[in-house]
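User: I would like to learn how to read a structure like this one, feature by feature. Could you take me through it?

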Amino acid sequence: MVGDLKTVVLVLGCAANLLLVAGILWSMFQPERRVWPPIHSTGAHKIVVWGLTCVGFGSAIVLALLEWGELDFPWIIRWGLGLCLIVLGNAVVWSGVMQLGMAATSGDEGVLRTRGLYRFSRNPQYVADMAILIGIGLLSASILAWPVIITGVTALALAPFAEERWLIDRYGEAYRGYLRTTRRFL
């Protein structure tokens with residue numbers, strides 16, 4: 001029974017993340033028909049994007065709990081590095097949400113932010129989300145969580161490439177200057 005649950009959660013998590021990857025790749029290569037950032041942000045669009053994101057993260061967490069300690073990671077890796085990535089990642093994500101705003105985080109057009117966390121990275125929330133996922137994998141030492149984590153990190157790493165053209169269109173030379181002075185990730 002638990003094995004079946006693990007399989008279902010693994011498939012759901014990977015499928016959700018791969019759908020995000022597909023939408024991001026579509027947006028990169030078909031920017032006039034992109035899905036991220038949305039051409040017209042609607043409630044339904046936000047439900048789909050946040051739903052897939054929550055399924056991806058939730059699946060990683062469920063698998064982490066179901067398979068706690070399956071890999072033989074040293075204590076310092078699990079509790080030192082893994083927990084640290086989760087805590088710091090959450091602090092950065094929620095700080096970024098407060099700076100950028102929930103609407104802009106969800107794909108609505110907002111104001112170009114270049115201060116605070118955004119002076120160090122053009123995408124601090126994505127970097128922090130990647131850290132959280134990797135931290136979950138390290139802390140839990142779960143085997144089956146890693147495919148979900150890897151597909152989730154892939155979606156998060158690709159997302160800025162779909163956004164940059166949209167940001168140039170919205171903010172023009174101000175964003176081009178920001179591109180020249182601030183790194184994409186770290």
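Analyst: We will go from confidence and overall fold to the core, one helix, one residue and the cysteines.

User: Since this is a predicted model, what is the mean pLDDT of the chain, and which element has the lowest value?

Analyst: The model is predicted, and its mean pLDDT is 94, with 100% of the residues reaching 70 or more. Among the elements, helix H4 (residues 102-105) has the lowest mean pLDDT, at 78, whereas H5 has the highest, at 98.

User: How many helices and strands does the chain have, and what are the dimensions of the box that it fills?

Analyst: The secondary structure comes to 6 helices and 0 strands, so that the pattern along the sequence reads α-α-α-α-α-α. The radius of gyration is 17 Å, close to the 16 Å that the globule rule gives for 186 residues, and therefore the chain is as compact as a globular protein of that length. Along the principal axes, the C-alpha atoms fill a box of roughly 55 × 30 × 25 Å. Of the contacts with a separation of 6 or more, 78% are between residues 24 or more positions apart.

User: Which residues touch the most other members of the largest nonpolar core, and which elements give two or more residues to it?

Analyst: In soluble globular proteins, nonpolar side chains tend to be buried together. Here, buried residues make up 43% of the 186 in the chain. The largest nonpolar core has 32 residues, of which Ile 24, Leu 63, Tyr 126, Leu 133, Val 148 and Ile 149 touch the most other members. Two or more residues of this core come from each of helix H1 (2-29), helix H2 (43-66), helix H3 (75-100), helix H5 (124-140) and helix H6 (145-181), and H6 gives the largest share, 9 residues. Apart from this core lies another, of 6 residues, which include Tyr 118, Trp 166, Tyr 171 and Tyr 175. To see one member of the main core in its surroundings, take Leu 133, which, leaving aside neighbours within four places in sequence, is in contact with Phe 57, Ala 60, Ile 149, Gly 152, Val 153 and Leu 156.

User: Which residues of H3 are buried, and what covers them?

Analyst: An α-helix has 3.6 residues a turn, so residues three or four places apart point the same way. In H3 the buried residues are Arg 78, Gly 82, Ile 86, Gly 89, Val 93, Gly 96 and Val 97, and what covers them includes H4 and H5. The length can be checked as well: at 1.5 Å a residue, the 26 residues of H3 should span 38 Å, and the end C-alpha atoms are 36 Å apart, which agrees. H3 is followed by Gly 101, whose phi is positive, near 100 degrees.

User: Is Ile 136 buried or exposed, and with which residues is it in contact?

Analyst: Ile 136, which lies in helix H5, is buried, because its relative accessible area is 10%, under the 20% cut-off. Beyond its neighbours within four places in sequence, Ile 136 is in contact with Ala 60, Ile 61, Ala 64, Ile 86 and Ile 149. The C-alpha atoms of Ile 136 and Leu 65 are separated by 9.6 Å, although these residues are 71 apart along the chain.

User: How many disulfides are there, and why does Cys 14 not form one?

Analyst: The count comes to 0 disulfides. The sulfur of Cys 14 is too far for a bond, because the closest cysteine sulfur, in Cys 54, is 17 Å away. Cys 14 is buried, with a relative accessible area of 14%, whereas Cys 84, at 36%, counts as partly exposed.

Key: Residues numbered from 1 in each chain as written. Predicted model: local features only at pLDDT ≥ 70, side-chain atom pairs only at ≥ 80, totals over all residues. Heavy atoms only, no water. Core = buried A, V, L, I, M, F, W, Y, C linked by side-chain atoms within 4.5 Å. Buried < 20%, exposed > 50% of the residue type's maximum accessible area, 1.4 Å probe, protein only. Helix = DSSP H or I, 4+ residues; strand = E, 2+ residues; numbered from the N terminus. Contact = heavy atoms within 4.5 Å. pLDDT = per-residue confidence, 0-100. Expected span 1.5 Å × (residues − 1). Disulfide = S-S within 2.5 Å. Rg over C-alpha atoms; globule rule 2.2 N^0.38 Å.
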